[in-house]
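Here are a few exercises to work through with the model open in your viewer. Try each one before you read its solution.

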Amino acid sequence: MSTIEITQYRNASSLNAENTQFNVEINHPSYGWIPYTLDPSDTDMTIDNTELLSLIGSDFAPFSQADHDARTAAMVRVQRDSKLTNEVDPVVSNPLRWADLSAQEQADVSAYRLALLDVPQQQGFPHTISWPTPPACL
Amino acid sequence: MALESGTYIDSLNASNPASTDGLGQADDHIRLIKSAIKATFPNLDGPVTASVANLNNTTAIPSTLTDLGITDGSNGQVLSTDGSGNFSFIALPAGATDTNNYVNGGSFSGTTLTLTRDGLSSISISGFPQAITNNNQLTNGAGYITAASLPAAQSTNAAAVGTYTFALSSVVPSPIPGGTVSGSQLTYSDGSGTNNVGTSPSVGTWRLMAHYVNRASLFVRVS
């Protein structure tokens, strides 16, 4: 695939303290303005990252640890929500399935649900997560 | 009077006896000649029929087995006869002193293979993989895998344009099919929707191809 020349960008922001990775919007000749994550280690040369990096120069929002933490936290919450929706909700929101569980199994599911809800309260959140183990009945 | 002394023919002096010697000394010379001949050829108890040419043809004396018409063998072989005048080279079988310590048995326990040897103590080789204890480690006889997880996260470098993946998006609100997100906003999934693998493509632009609420969705990298 030939290299596409990008001549316009906007809203570049650094994703790390070393300023080697960026989120940026690029004006793609086929797709218009689209979000793009620029990483010089990307081996796909459809877009010349080196050229794009040179085009951006120093025109980017500096790296913010708070923003980085917020992005990571959002990602972890997405994963947590996925587990709640796909593992817990089908059981706890279905009276027939819930009634089929023993008291111990219901307690285990409740504990698992609470552990998932408490993931943001873990000591290492959002960068080090200890995902709770789902009970065998799920 | 001149009478030499000596034991063999080479001691005889052809100039003796002198013409002036008395006849009475002739017997001494005759005994010396006979003695020298017998001493030089002590075992000739028959006629010697070799010709002068035979005796003088020193170049025909064999010096190698090839000169005797025997084809040479390999290094270390010895010459053998079949008792009928035929010779050949053969390799000697291992003798009693040969260290022919062959492996005569073995066993496997845990991760160690033990080999027993004739004439020597056993040896053990450790570090083999543990024995398979779960059928999820096996493939069936037809050669296809009976159960396996979907591929784990693709490395950043593998996520070229055109790559598809199942991932969760952290974009709020979630994009609709056809929408695009940046690689840093995705988390790879194994496709089940729950077993997230926790890493991000972190490169490029990805288009949502099929969406399922709170489950991993199908994305394709478009730039």
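**Exercise 1. How many salt bridges are there over all chains, and which side chains meet in them?**

Step 1. Search the whole structure of this predicted model: the count comes to 5 salt bridges over all chains.

Step 2. Start in chain A. A:R10 and A:E25 pair up through their side chains, at 3.1 Å from N to O. A:R10 sits in strand β1 and A:E25 in strand β2 of chain A, so this pair ties together parts that are 15 residues apart in sequence. With a relative accessibility of 36%, A:R10 is partly exposed, and A:E25 is partly exposed too, at 24%.

Step 3. Still in chain A, A:R80 bridges to A:D81, with 2.9 Å between the closest N and O atoms. Is A:R80 buried or exposed? The cut-off for buried is under 20% relative accessible area, so A:R80, at 9%, counts as buried. A:D81, at 30%, is partly exposed.

Step 4. Now go to chain B, where B:D28 forms a salt bridge with B:R31 and the closest N and O atoms are 2.6 Å apart. These two residues are 3 apart in helix α1 of chain B, which means about one helical turn separates them. Both are partly exposed: B:D28 at 28% and B:R31 at 48%. Through shared partners, salt bridges join B:D27, B:D28 and B:R31 into one network.

**Exercise 2. Describe the interface of chain A and chain B.**

Step 1. Get the extent. Chain A puts 28 residues into the contact, and chain B puts in 28 residues. About 2200 Å² is buried between the chains, with carbon and sulfur atoms giving 53% of that area. On the chain A side, A:P35, A:M75 and A:N86 supply 23% of the area buried against chain B, more than any other three residues.

Step 2. Look at charge and polarity. The rule finds 1 salt bridge across the interface: A:D42 meets B:R221 at 2.5 Å, N to O. There are also 10 residue pairs in polar contact between the two chains.

Step 3. Ask which elements of chain A do the touching. At least two residues each come from β2 (22-28), β3 (32-38) and α2 (65-92) of chain A. The largest share is that of α2(A), with 10 residues. Sorted by class, this side of chain A has 11 nonpolar, 11 polar and 6 charged residues.

**Exercise 3. Find the unusual backbone angles.**

Step 1. Keep the background in mind: most residues other than glycine have a negative phi, and most peptide bonds are trans.

Step 2. Check omega. The bond from A:F125 to A:P126 is cis, with omega near 5°, and A:P126 lies in the segment after α4 (103-117) of chain A. In chain B, the bond from B:N16 to B:P17 is cis as well, with omega near -5°. B:P17 falls in the segment before α1 (26-40) of chain B.

Step 3. Check phi. A:N11 has a positive phi near 55° and belongs to strand β1 (residues 9-14) of chain A; A:N11 is exposed, at 55% relative accessible area. A:N19 also has a positive phi, near 55°. A:N19 is in the loop between β1 and β2 of chain A and is partly exposed, at 31%.

**Exercise 4. What confidence scores go with the model?**

Step 1. For the whole model, read off ipTM 0.81 and pTM 0.51.

Step 2. For chain B, the mean pLDDT is 80, and 81% of its residues reach 70 or more.

Step 3. Flag the stretch at residues 153-157 of chain B, where pLDDT stays under 50.

Definitions and conventions:
Residues numbered from 1 in each chain as written. Chains lettered and ligands numbered in written order. Heavy atoms only, no water. pLDDT = per-residue confidence, 0-100. Contact = heavy atoms within 4.5 Å. Buried area = accessible area lost by both parts, 1.4 Å probe. Salt bridge = Lys/Arg side-chain N within 4 Å of Asp/Glu carboxyl O. Polar contact = N/O pair within 3.5 Å; in protein donor to acceptor, adjacent residues only side chain to side chain. Helix = DSSP H or I, 4+ residues; strand = E, 2+ residues; numbered from the N terminus. Nonpolar A, V, L, I, M, F, W, Y, C, P; charged D, E, K, R; others polar. Buried < 20%, exposed > 50% of the residue type's maximum accessible area, 1.4 Å probe, protein only.
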